[in-house]
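Visitor: I would like to go through this structure label by label. Please tell me what stands behind each one.

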Amino acid sequence: MEGRGRAIVLIGFMGSGKSSAGRILERKTGWKRFDTDEMITARFGRPIPEIFAEFGEDKFRDAESDAVKQLAAAAPAVIVTGGGIVLRASNVELLRRLGRLVHLEADEETLFRRVSRRTTRPLLQTENPRATLAELLRIRLPLYRKAADVQVDTSRMTHEEVAEVILEKMEGH
Ligand code: S3P
């Protein structure tokens, strides 16, 4: 625990269930919840697809890194991150100071089914979203796994079960 806060930091691919588990963990722990996507949309005053369309992915990534820097280690918290947070090692380093990194995973089929319900993910608005997802996953999976303290496979779990398992796993950490 030396030098690390008590936050539960959720990382993982789009559709892995971070936002839903984060809300349940907020209720169960009574801790504050921070969500980097929400912080960015509040700052720009517009939804993520518009931020990508008007300012580009790089500006979004800069805003994402700024959001991580704003998270202070003072109090325990539940921190929900966007799927691309691990693309910058500096983000991971700061998050690791705040607490434990929990990687929510799911099989490719499940992720695709979940993300297909919405059109709010600009990175997947391609001609072949399934192939794009597979390619992004191939690049990112090693990054999530390397950054994480613990992994939880959410493929066959309810959001409530995911939150329970996370809390159980946190006891040993
Ligand atoms: C992104 C994931 C999204 C959001 C943005 C980019 C990514 O968050 O930050 O669309 O690069 O994987 P979710 O993981 O909550 O979908």
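Guide: Gladly. This is a predicted model. An oxygen atom of the ligand lies 2.6 Å from an N or O atom in the side chain of arginine 61.

Visitor: What makes that pair with arginine 61 a polar contact?

Guide: The cut-off is 3.5 Å between N or O atoms. The arginine 61 pair is at 2.6 Å, so it counts as a polar contact.

Visitor: Which distances do lysine 18 and arginine 121 show to a ligand oxygen?

Guide: For lysine 18, a side-chain N or O atom is 2.5 Å from an oxygen atom of the ligand. For arginine 121, the distance from a polar side-chain atom is 2.8 Å. The protein covers 95% of the 390 Å² of accessible area that the ligand has on its own.

Visitor: How many residues surround the ligand, and which are the closest?

Guide: There are 13. The closest are Lys18, Asp37, Arg61, Arg121 and Arg140.

Visitor: Why is glycine 83 called buried or exposed?

Guide: Its relative accessible area is 10%. Buried means under 20%, so glycine 83 is buried.

Visitor: Where is glycine 83, and what does it touch?

Guide: Glycine 83 sits in the loop between strand 3 and helix 5. Leaving out residues up to four places away in sequence, glycine 83 touches Gly12, Lys18, Arg140 and Tyr144. Glycine 99 is 16 residues from glycine 83 in sequence, and their C-alpha atoms are 18 Å apart.

Visitor: Why is threonine 119 called buried or exposed?

Guide: Threonine 119 has a relative accessible area of 61%. Exposed means over 50%, so threonine 119 is exposed. This residue belongs to the loop between helix 6 and helix 7. Proline 49 is 70 residues away from threonine 119 along the chain, yet the two C-alpha atoms are separated by 8.8 Å.

Visitor: How do you know that strand 2 and strand 3 pair?

Guide: Pairing needs at least two bridges. Strand 2 and strand 3 are joined by 4, so they pair. They run parallel. Arginine 33 has valine 78 of strand 3 as its bridge partner. Aspartate 35 stands opposite valine 80 in strand 3.

Visitor: What makes strand 1 and strand 3 a pair?

Guide: They have 3 bridges, and pairing needs at least two. They therefore pair, and they run parallel. In strand 3, valine 80 is the bridge partner of leucine 10.

Visitor: Which way do the residues of strand 3 point?

Guide: Ala77 and Ile79 point one way, Val78 and Val80 the other. All are buried. In strand 2, Arg33 and Asp35 form a covered face, and Lys32 and Phe34 an uncovered one.

Visitor: Which residues have the most contacts inside the largest nonpolar core?

Guide: Ile11, Phe13, Ile79 and Leu95. The core has 25 residues. Strand 1, strand 3, helix 5, helix 6 and helix 7 each give two or more residues to this core. Helix 7 gives the most, with 5. Another core, of 15 residues, lies apart from it; Ala21, Val102, Val152 and Val162 are among them.

Visitor: Why might nonpolar side chains be buried together?

Guide: That is a general tendency in soluble globular proteins.

Visitor: What does isoleucine 79 touch?

Guide: Beyond four places in sequence, its contacts include Ala7, Val9, Phe34, Leu71 and Leu98.

Key
Residues numbered from 1 in each chain as written. Predicted model: local features only at pLDDT ≥ 70, side-chain atom pairs only at ≥ 80, totals over all residues. Heavy atoms only, no water. Core = buried A, V, L, I, M, F, W, Y, C linked by side-chain atoms within 4.5 Å. Buried < 20%, exposed > 50% of the residue type's maximum accessible area, 1.4 Å probe, protein only. Contact = heavy atoms within 4.5 Å. Near = heavy atom within 4 Å. Polar contact = N/O pair within 3.5 Å; in protein donor to acceptor, adjacent residues only side chain to side chain. Areas by Shrake-Rupley, 256 points an atom, 1.4 Å probe, with all protein chains shown as cover.
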